[in-house]
Amino acid sequence: MADTALQLGIVGAYMVVALAVGVVAYRLTDRTAEDYYLASRTLGTVVLLFTTFATLLSAFTFFGGPNLAFSAGPEWILVMGLMDGVIFAVLWYVLGYKQWLVGKRHGYVTLGEMLGDRFGSTALRVVVAAVSLVWLFPYVMLQQKGAGQAIVGLTNGAVPFWVGAGGITLFMILYVALSGMRGVAWTDTLQGLFMLSLIWVAVAWVLSAVGGAGEATALLASEEPAFVGLGGGLYTPQYIISTAVSIAFGVTMFPQINQRFFAAGSKKVLKRTFALWPVLVLLLFVPAFMLGAWAAGLGVTVPEGGNVIPALLGEYTPTWFTALVIAGAMAAMMSSSDSMLLSGSSYLTRDLYRPLTGRGDASDEQTDRREALVARVGVVIFATLSFIASLYTPGTLVQIGDTAFSGFAQLTVPVALALYWQGTTRSGMYAGVVGSQMFYGLHVFPVVATLGELVGLDVALPATYMGWTPGVVGILVGLLLTVAVSLVTAPASTEDRTAYAVSGVESD
């Protein structure tokens, strides 16, 4: 009982510190949409780097990835630690820099605003926002599910799953209502530095207890020989490439990440940040996933439905340190969740509420108050529904996360074409966005099999295409549809084909 109280006290204290940062940020935040959602586009290199980094430090990172390394080997580092880091850094520059230029000129806050203006289409703006919110749902649920599992593992079941999941839900609702992007970015920086330090201390502590990295690797080779070679088991070349591409492309379209492309203070900030990104990713993912892999050789027992990192730390580190790492991991989940809800509220108010109520983009004091209320109510409803879903949804953290990554990834190619190819048409965008989403959605949701059962047929879509996942095949479908339809359709007369010229807007 004393250990449980200590553990929960450490977790609670850390959350209070994070909330205090949010309160300070609230006092410094202007009551404007641009400041609330984008911190007035003033983020510097360190804050932009770490807020993006911490926003991606989720249950998928600290629990899902190490769990996969524990069960299938450390080659997962190739996916998340190397390939994904490099691919996302390239996309950050190719798409993020162009979005920053366009957003700086036109004052865009959301991806839907940018695309709707580019093609003169309110409907496209609504479609992009709706798609984004659909795939945001499972990723928010992933954080709640991870928090519930973390508390169960930390307290050996003394505190039930719903308490951990519900606690993080209440916290992130309160935090988003208070802080806005400025508070989120400041807290993210604190959390990113904190977790990066803790994970390396955890590695040093565990390795010193077992005799060093050489001994831990030798034990892994003895217990799981396939884990120390390339290409075995789950990790086929198609799987590695498909997963890395889907994750990197998906991350680029995550609302909470994509909006950060608009928030940079200057061109130099963006360029420095994308250059540093792969280094930061390797510094986190290599130790986290190697802990999961080494645990397989150390004979660590992971409870059913539990996670390997808490189990490993529970055996080789003191109770207080295990609780501190779990507190940091939960903080990472919160840094993802609060950013998701903040971005989701901007999509809800600016891309759904405004167009669907016919209010346009005009702003006055009464409209701002009404939108603020809609945003807060939407956050509460969205977070509550995802919490309920987390209590009943089966599947591992990796499966849930991969589903969301691949769903967002379908948007990347149409958006890239819209930014760089003047021949892209409104019809081409509809075809690419809707077509790729339908292709991927049919593989994720059992629509085809259910319809087949209704007519007495055993019908199912393939799980892979010659080893390639439906997520990466869907990206190609989106490319082909956007290009093909754009080539045979004319631009709408309302399309502003010069809006994305970048001359005269670059800034240092």
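Me: What does "buried" mean here?
Reply: Buried means under 20% relative accessible area. The model is a predicted one.

Me: Which residues of H3 are buried?
Reply: In H3, the buried residues are Thr45, Leu48, Leu49, Phe50, Thr51, Thr52, Phe53, Ala54, Thr55 and Leu56.

Me: What makes H3 mostly covered?
Reply: The count does: 10 of the 12 residues in H3 are buried.

Me: How do you know that the span of helix H3 agrees with its 12 residues?
Reply: The expected span is 1.5 Å times one less than the number of residues. For residues 45-56 that comes to 16 Å, and the end C-alpha atoms are 17 Å apart, so the two agree.

Me: Why is helix H6 called mostly covered?
Reply: Seven of the eight residues in H6 (residues 111-118) are buried. Leu111, Gly112, Glu113, Met114, Leu115, Gly116 and Arg118 are the ones.

Me: What follows H6?
Reply: Glycine 120 does, with a positive phi near 55 degrees.

Me: Why is serine 266 called buried?
Reply: Its relative accessible area is 9%. The cut-off is under 20%, so serine 266 counts as buried. Serine 266 sits in the loop between helix H12 (260-263) and helix H13 (267-297).

Me: What makes the approach of serine 266 to valine 269 a polar contact?
Reply: The limit for a pair of N or O atoms is within 3.5 Å. The serine 266 side chain reaches the backbone nitrogen of valine 269 at 3.2 Å. That side chain also reaches the backbone nitrogen of lysine 268, at 3.4 Å.

Me: Why is leucine 282 called partly exposed?
Reply: Partly exposed lies between the 20% and 50% cut-offs. Leucine 282 has a relative accessible area of 32%, so it belongs there. Its place is in helix H13.

Me: Which residue, 205 residues apart along the chain, has its C-alpha atom 8.4 Å from that of leucine 282?
Reply: Isoleucine 77.

Me: Why is valine 377 called partly exposed?
Reply: Its relative accessible area is 40%, so valine 377 also falls between 20% and 50%. Valine 377 is in helix H16.

Me: What forms the nonpolar patch on the surface?
Reply: Trp162, Val163, Leu373, Val377, Ile381, Leu385, Ile388, Leu391 and Tyr392 form it, with about 890 Å² of accessible area together. Patch residues need over 30% relative accessible area. Valine 377, at 40%, therefore clears that bar.

Me: Which helix supplies the largest share of the nonpolar patch?
Reply: H16 does, with seven residues. Helix H8 (161-210) and helix H16 (365-392) each supply at least two.

Key:
Residues numbered from 1 in each chain as written. Predicted model: local features only at pLDDT ≥ 70, side-chain atom pairs only at ≥ 80, totals over all residues. Heavy atoms only, no water. Helix = DSSP H or I, 4+ residues; strand = E, 2+ residues; numbered from the N terminus. Buried < 20%, exposed > 50% of the residue type's maximum accessible area, 1.4 Å probe, protein only. Polar contact = N/O pair within 3.5 Å; in protein donor to acceptor, adjacent residues only side chain to side chain. Patch = residues over 30% accessible without salt bridge, like charges linked within 9 Å, V, L, I, M, F, W, Y side chains within 5 Å. Areas by Shrake-Rupley, 256 points an atom, 1.4 Å probe, with all protein chains shown as cover. Salt bridge = Lys/Arg side-chain N within 4 Å of Asp/Glu carboxyl O.
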